[in-house]
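The following note sets out points on the model for a reader new to structural work. Please keep the structure in view while reading.

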Protein chains: 6
Amino acid sequence: MHEIGVVYRNVERAERSVAEELAAYGSATTHEAMGRIGTMKPYLRPIYAGASASGTAVTVLLQPGDNWMLHVAAEQIEPGDIVVAAVTSDCTDGFFGDLLAASFKARGARGLVIDGGCRDVRSLTEMGFPVWSRAVNPKGTAKAVLGSVNVPVVCAGTLVHPGDVIVADDDGVVCVPRALARRTLEAAARRESNERTKREKLASGALGLDMYGMREALSAAGLRYVER
Amino acid sequence: MHEIGVVYRNVERAERSVAEELAAYGSATTHEAMGRIGTMKPYLRPIYAGASASGTAVTVLLQPGDNWMLHVAAEQIEPGDIVVAAVTSDCTDGFFGDLLAASFKARGARGLVIDGGCRDVRSLTEMGFPVWSRAVNPKGTAKAVLGSVNVPVVCAGTLVHPGDVIVADDDGVVCVPRALARRTLEAAARRESNERTKREKLASGALGLDMYGMREALSAAGLRYVER
Amino acid sequence: MHEIGVVYRNVERAERSVAEELAAYGSATTHEAMGRIGTMKPYLRPIYAGASASGTAVTVLLQPGDNWMLHVAAEQIEPGDIVVAAVTSDCTDGFFGDLLAASFKARGARGLVIDGGCRDVRSLTEMGFPVWSRAVNPKGTAKAVLGSVNVPVVCAGTLVHPGDVIVADDDGVVCVPRALARRTLEAAARRESNERTKREKLASGALGLDMYGMREALSAAGLRYVER
Amino acid sequence: MHEIGVVYRNVERAERSVAEELAAYGSATTHEAMGRIGTMKPYLRPIYAGASASGTAVTVLLQPGDNWMLHVAAEQIEPGDIVVAAVTSDCTDGFFGDLLAASFKARGARGLVIDGGCRDVRSLTEMGFPVWSRAVNPKGTAKAVLGSVNVPVVCAGTLVHPGDVIVADDDGVVCVPRALARRTLEAAARRESNERTKREKLASGALGLDMYGMREALSAAGLRYVER
Amino acid sequence: MHEIGVVYRNVERAERSVAEELAAYGSATTHEAMGRIGTMKPYLRPIYAGASASGTAVTVLLQPGDNWMLHVAAEQIEPGDIVVAAVTSDCTDGFFGDLLAASFKARGARGLVIDGGCRDVRSLTEMGFPVWSRAVNPKGTAKAVLGSVNVPVVCAGTLVHPGDVIVADDDGVVCVPRALARRTLEAAARRESNERTKREKLASGALGLDMYGMREALSAAGLRYVER
Amino acid sequence: MHEIGVVYRNVERAERSVAEELAAYGSATTHEAMGRIGTMKPYLRPIYAGASASGTAVTVLLQPGDNWMLHVAAEQIEPGDIVVAAVTSDCTDGFFGDLLAASFKARGARGLVIDGGCRDVRSLTEMGFPVWSRAVNPKGTAKAVLGSVNVPVVCAGTLVHPGDVIVADDDGVVCVPRALARRTLEAAARRESNERTKREKLASGALGLDMYGMREALSAAGLRYVER
């Protein structure tokens with residue numbers, strides 16, 4: 001993994017319908033459904049409020065200050081993909097802007113997750129092309145050093161293989177490994193239906209202490225109540 | 001202070017009316033009225049633009065990666081309270097989401113200030129439940145290690161006692177010790193009426209240099225004017 | 001440079017019309033037109049979405065925790081200026097709020113770029129006075145230690161001379177040295193017209209790989225395509 | 001608390017002998033003996049390897065970029081004290097150098113803990129005057145704005161009252177509230193004697209899994225062993 | 001991958017002799033020999049100057065504020081291993097100290113790489129047990145929440161599989177995938193012998209511009225020389 | 001300024017003797033002698049304790065992840081120079097190692113100040129070639145994108161012109177503009193002789209409050225003394 005100078009083609013993707021259905025549950029429920037794993041670090045933020053996207057990952061490994069491989073990646077995009085770009089070292093340059101977005105969108109991409117900077121956020125917002133990035137930065141990049149496309153990458157602390165499912169929204173970004181996608185969707189559905197009931201009870205004044213039966217465990221752990 | 005494993009009940013609160021009136025002056029004026037102290041560090045940000053809340057503090061001391069005590073705190077909330085959650089070490093996990101928000105809101109809480117992460121921000125925004133947090137993060141937490149409720153805590157660099165007044169808005173969060181609440185309100189009212197006049201003068205072109213009589217002090221300090 | 005205790009008056013400014021026209025191209029295109037330089041670090045963010053401003057720089061050198069010099073700077077503002085405030089050491093205090101904004105606006109300022117904190121963001125938003133700052137913070141400042149006005153300053157990593165052109169928008173902030181302003185405007189115009197065509201081609205499905213003729217260079221650099 | 005412009009004199013201190021004995025146990029054991037609380041954030045680092053100090057706290061509240069109050073604090077130092085300096089906002093200026101160190105040492109201070117910067121580290125190392133700081137920085141400070149001495153302060157995230165015990169070493173800094181000092185010393189002694197035996201067993205190859213009897217709890221929590 | 005609650009036993013390791021020989025080349029040469037990949041982020045620092053270690057990875061996935069799995073990992077250590085500990089979210093607590101070090105050392109571990117905090121650094125230095133950590137911190141941790149042992153982990157931005165080779169020294173930490181270990185060793189040997197000659201030439205005054213034949217490429221790229 | 005793709009030759013340097021004499025006063029005294037300006041941000045740290053250097057600046061503007069221009073700079077070094085390297089965006093890659101150090105040393109360089117990463121720190125320490133960097137990092141860089149040599153640069157927040165004097169030691173790095181070098185040396189000498197007397201007085205127990213005559217100003221500012 002982490003090969004430099006390679007583009008893998010015809011990558012096997014998770015089922016697109018699974019990716020789409022997971023979007024409805026959101027990043028928080030999805031990561032809980034996987035066993036509370038898979039979230040990218042919270043410094044990745046959407047460039048506009050209300051951004052939401054899911055898809056199958058086309059991965060890109062960039063070099064700092066260089067966005068050449070994003071152009072190479074464009075050709076590998078299939079409708080329903082989401083591009084996930086890592087950088088070999090921390091860099092907040094504006095690797096991505098409205099020209100690449102026009103290209104990615106034309107190829108069918110649902111959005112971009114990039115462990116670097118993004119620019120042209122007003123145009124991207126008008127286009128409705130969502131990006132999750134670690135910075136917004138007008139500074140542009142060179143096209144001089146090779147990286148790779150569709151190799152496994154570590155993006156914002158999380159391993160992503162090409163073809164994995166990405167769920168991104170206001171809360172952040174989660175990666176679901178391809179092999180776990182269907183099972184995660186089922187678990188998310190169960191969890192969500194379960195939460196709906198709980199939400200209603202809590203909203204009507206019930207306490208989690210009672211609803212989850214926590215009082216005994218808290219007491220066993222030594223929690224003391226003291227009157228002031 | 002900083003006891004672990006204790007919940008203090010029936011904490012004495014500042015007068016709620018004072019908390020409510022301070023909200024109208026905002027966090028900046030409130031902290032000036034106290035003598036320019038009491039602000040939490042600016043990495044705490046509201047999860048949506050326009051968020052505004054004030055109330056009396058129910059304090060929570062959490063352990064990293066663990067939100068058990070938020071459930072314990074829910075029972076201690078009285079209408080008009082605002083929950084202030086500190087963590088024993090820096091952690092950006094999503095300790096709080098829409099289920100807890102439903103519960104807190106049902107108990108009468110006005111909002112949450114948390115020196116950690118928050119999730120479900122879209123739902124929280126729709127519910128109108130304001131949160132000031134150091135991160136937005138889908139990652140969930142365990143319920144396994146005791147902290148405390150209603151002990152003094154240090155939240156985002158500022159000491160908060162249970163019952164203190166919290167004023168939070170677009171600018172950030174300020175804590176007013178209970179014993180200073182009334183006096184601070186009076187000082188805020190004086191300051192605000194004073195500022196209104198100044199604002200008008202400045203808006204019509206007067207210079208602060210003249211209005212505040214700064215020229216002499218600047219000259220005494222050695223300020224020189226040079227023509228280019 | 002970096003003299004302490006001096007105010008330079010009657011600073012020579014770039015042509016205001018150039019500053020205004022550059023605003024239409026935005027910060028990203030402007031910095032590309034200069035040869036991909038001049039951007040401030042991306043931790044400077046606008047206090048509200050959609051903020052946009054350009055103008056000629058009145059520079060201010062502040063001391064940490066002290067905004068005295070912003071009052072001194074107000075007198076040096078001419079219509080069409082934008083104030084650029086640096087601090088002698090990193091500080092996120094709320095140096096600037098609605099009173100100073102009322103004064104700056106009355107003098108004709110188009111906005112503020114400050115390598116420190118800002119407060120009263122709700123009022124500033126209502127006034128439509130845009131600020132790019134490294135923090136939003138209710139904490140106020142003293143007026144006790146001299147800095148300077150209209151000396152060259154380093155703001156968010158970028159050198160700014162008084163009279164330089166500043167272009168600031170959603171993407172960030174760029175400084176164009178006065179002597180390069182006209183030439184940069186011409187280059188921006190050429191670049192923008194060039195980009196319009198490209199954007200259309202890419203939006204209709206053309207690949208940058210072909211449009212920019214990158215395939216040969218990528219191959220020469222050793223890029224390999226592998227079927228999965 | 002957090003009053004500005006006040007110096008409290010004749011503060012009651014913890015017993016100095018307790019402070020001295022705690023130093024032998026170190027910061028890690030001391031904070032465990034308190035119930036795993038009281039550590040300052042780990043960005044505070046000693047200016048030289050092997051630094052170690054303990055004492056009773058003289059507290060100082062500084063303003064950003066201003067070290068006036070350190071001069072005021074010098075007069076309040078008694079032999080066996082350690083100075084703990086907080087700043088009203090984050091600032092890495094070099095507030096403290098060899099002149100103040102000469103003064104503090106002459107008054108009997110054992111060291112300095114400062115939530116800001118320090119300079120003259122070569123001289124301080126030669127003098128054997130230990131400092132725990134958040135930065136080393138040649139930049140000096142003004143003497144223009146009042147803070148306070150011997151008020152409660154929040155230093156690196158931890159509340160410190162004047163007279164509390166401070167234990168600082170290679171690992172970091174811990175504050176033991178005065179009222180808990182003796183009890184903490186006793187608990188530290190017990191813990192240390194307990195650890196000595198454990199350390200020997202572990203060093204001879206015993207597993208913590210067995211020594212602490214963890215296997216059952218791990219299994220109950222669901223830990224599975226899988227052969228590769 | 002990233003399973004929670006699993007311990008893989010009898011993991012296949014890279015050849016230990018390869019791990020040992022790579023140590024002599026150091027982390028910088030090793031990562032160059034792999035194609036300039038595999039370095040962990042530079043916030044990982046050795047706890048003492050001169051620290052150096054290599055070995056085969058036993059991986060640990062910790063939860064924030066919890067070191068239970070380090071005890072579980074101890075049993076899986078074989079002589080020549082180096083423990084690599086990731087945390088499911090950023091946390092600087094002191095997960096590791098001298099008791100665990102005694103145990104790890106007794107089992108044959110060569111060191112620890114941890115994307116979290118470490119304590120007891122004086123004892124660890126005396127024991128000669130090297131640790132690369134993101135913080136030094138006296139704060140201890142709980143033993144309450146399951147993680148995993150010998151699953152693939154992302155540590156300081158780099159993917160590590162159990163059995164991979166780790167090379168760590170003053171410069172930082174590099175991970176060499178097991179399958180690439182022998183090939184990397186051979187490339188490192190070639191590179192090193194190559195560099196020795198270059199170093200001598202440069203030390204005697206030769207210019208890299210000439211030695212590497214860079215002048216033509218620089219000129220072709222447009223570099224201009226201007227006399228002042 | 002900030003031109004890309006240019007090397008200025010035969011730059012006018014400050015007098016070398018002045019640079020050498022300033023080293024004896026150190027970075028803290030030098031910056032005070034200039035009027036408390038000119039310090040680089042404190043994230044720049046020496047790679048070994050006790051590092052000290054001064055010289056005249058050869059400046060380099062690097063691109064992120066690319067050290068080509070350091071090779072170009074080597075040719076411009078004259079004995080007594082110190083190389084100051086800025087990067088067009090934040091990057092912690094290991095731009096500099098022992099090969100370049102051998103070359104720089106052979107050309108007469110006294111050290112390197114780099115707003116990026118450095119590697120081979122053990123070899124550099126053995127060679128006695130001091131480096132002040134923002135990171136230590138084994139990760140290497142490409143040689144593909146042009147920057148510049150001997151243009152004005154902003155390094156760690158401070159403007160440096162080629163030929164300026166750099167003073168670097170344990171405390172950090174200061175830049176003295178060429179035109180101010182002699183005057184700064186004289187002021188440093190006066191300050192140092194002045195400080196020697198003060199240091200002795202303070203070491204014998206005198207208080208700064210009395211020695212500097214601060215009591216009156218403190219009282220006028222409103223400082224109150226309160227008995228506990």
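1. A first pair within one chain. In this predicted model, the side chains of A:Asp115 and A:Arg134 form a salt bridge, with N and O 3.0 Å apart. A:Asp115 belongs to strand 6 (residues 112-118) of chain A and A:Arg134 to strand 7 (residues 131-136) of chain A, so the pair ties together parts that are 19 residues apart in sequence. A:Asp115 is buried, at a relative accessible area of 5%, whereas A:Arg134 is partly exposed, at 24%. Buried here means under 20% relative accessible area, so the value of 5% places A:Asp115 in that class.

2. A pair between two loops. In chain C, a salt bridge joins the side chains of C:Asp93 and C:Lys139 (3.2 Å, N to O). C:Asp93 lies in the loop between strand 4 (81-87) and strand 5 (94-96) of chain C, and C:Lys139 in the loop between strand 7 (131-136) and strand 8 (148-149) of chain C, so this pair ties together parts that are 46 residues apart in sequence. Both C:Asp93 and C:Lys139 are buried.

3. A pair in chain D. D:Glu78 and D:Arg13 form a salt bridge whose closest N and O atoms are 3.4 Å apart. D:Glu78 is in the loop between helix 2 (68-74) and strand 4 (81-87) of chain D, while D:Arg13 is in the loop between strand 1 (6-9) and helix 1 (16-33) of chain D, so the salt bridge ties together parts that are 65 residues apart in sequence. Is D:Arg13 buried or exposed? At 14% relative accessibility, D:Arg13 counts as buried; its partner D:Glu78, with a relative accessible area of 32%, is partly exposed.

4. The wider count. How many salt bridges are there over all chains? By the rule applied, the count comes to 132. Side chains of opposite charge can pair when their charged atoms come close. One network of salt bridges links A:Glu32, A:Arg36, A:Arg191, A:Glu195, A:Arg199, B:Asp98 and B:Arg119, and its members therefore come from chain A and chain B.

5. The interface of chain B and chain C. The contact takes 41 residues from chain B and 39 residues from chain C. About 3300 Å² is buried between chain B and chain C, and carbon and sulfur atoms give 58% of that area. In chain B, the residues that lose the most area to chain C are B:Asp171, B:Tyr225 and B:Arg228, which together account for 19% of what that side buries.

6. Polar and charged links from chain B to chain C. Six salt bridges are found across this interface; one of the salt bridges joins the side chains of C:Arg119 and B:Glu32, at 2.9 Å from N to O. There are also 16 residue pairs in polar contact across the interface of chain B and chain C. Among the elements of chain B that each supply at least two residues to the side touching chain C are helix 1 (16-33), strand 12 (172-176) and helix 5 (181-203). Helix 5 of chain B gives the most to that side, with six residues. By class, the side of chain B that touches chain C has 18 nonpolar, nine polar and 14 charged residues.

7. Strand pairing across the chains. Strand 13 of chain B and strand 1 (residues 6-9) of chain C run parallel and are joined by four bridges. Which residue stands opposite B:Tyr225 in strand 1 of chain C? The residue is C:Val7.

8. The interface of chain C and chain A. Here the contact takes 41 residues from chain C and 39 residues from chain A, and the two chains bury about 3300 Å² between them, 58% of it on carbon and sulfur atoms. Between chain C and chain A there are six salt bridges, including that of C:Arg224 with A:Glu3 (3.8 Å, N to O). Strand 1 (residues 6-9) of chain A pairs with strand 13 of chain C in the parallel sense over four bridges, and A:Arg9 stands opposite C:Glu227 in strand 13 of chain C.

9. Chains without contact. No contact joins chain A and chain D, whose closest C-alpha atoms lie 13 Å apart. Chain C and chain E are likewise not joined by any contact, and their closest C-alpha atoms lie 13 Å apart.

Definitions and conventions
Residues numbered from 1 in each chain as written. Chains lettered and ligands numbered in written order. Predicted model: local features only at pLDDT ≥ 70, side-chain atom pairs only at ≥ 80, totals over all residues. Heavy atoms only, no water. Contact = heavy atoms within 4.5 Å. Buried area = accessible area lost by both parts, 1.4 Å probe. Salt bridge = Lys/Arg side-chain N within 4 Å of Asp/Glu carboxyl O. Polar contact = N/O pair within 3.5 Å; in protein donor to acceptor, adjacent residues only side chain to side chain. Nonpolar A, V, L, I, M, F, W, Y, C, P; charged D, E, K, R; others polar. Pairing = 2+ DSSP bridges. Buried < 20%, exposed > 50% of the residue type's maximum accessible area, 1.4 Å probe, protein only.
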